[in-house]
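Please open the model in your viewer and keep the sequence panel visible beside it. The stops below go from the whole chain to one side chain.

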Amino acid sequence: KEISDIGKTENVKLVKHIETGVLYVKKTLSVYDADLYKTLKDSKLDGIPEIHHIIETNNELIIIEEYINGRTLQQELEANYSQLP
């Protein structure tokens, strides 16, 4: 179930699994490299949200990934570095 947009883009949504209530991020991409996302899914790298599902449909790639609660990198930079010249 889609909950809301994340950030300033419509193609990234906060979603909630209907049965478990777990929150995830859903990204819908029209320009993508499916092999790159498959590699990321298999790698499970520290600092990168875990990719749970990759769905390729009519010229779109849908990524369901781990939701990490907190501030975005952009928010962090704006809060801590807005005073720099």
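Accessible areas come from the Shrake-Rupley method with a 1.4 Å probe, and for residues only the protein chains shown count as cover. With the surface switched on, the protein shows about 6700 Å² of accessible surface, and 50% of that belongs to carbon and sulfur atoms. This is a predicted model, in which local features need pLDDT of at least 70 and side-chain atom pairs count only at pLDDT 80 or more, while totals for chains, interfaces and linings use all residues. Residues are numbered from 1 along each chain as its sequence is written, and side-chain values use heavy atoms, with hydrogens and water left out.

Next, switch to the cartoon view, where helices (DSSP runs of H or I, at least four residues) and strands (runs of E, at least two) are numbered from the N terminus. The protein has 2 helices and 5 strands, and along the sequence they follow the pattern β-β-β-α-β-β-α. The C-alpha trace spans about 45 × 30 × 25 Å along its principal axes.

Now select strand S2, residues 12–16, and find Lys13 within it. Is Lys13 buried or exposed? Lys13 is buried, because its relative accessible area is 19%, and buried means under 20%, exposed over 50% and partly exposed in between.

Finally, show the side chains of Lys13 and Asp5, which make a polar contact at 2.5 Å; such a contact is a pair of N or O atoms within 3.5 Å, where within protein one must be able to donate a hydrogen and the other to accept it, and residues adjacent in sequence count only if both atoms are side-chain atoms.

Conventions. Buried < 20%, exposed > 50% of the residue type's maximum accessible area, 1.4 Å probe, protein only.
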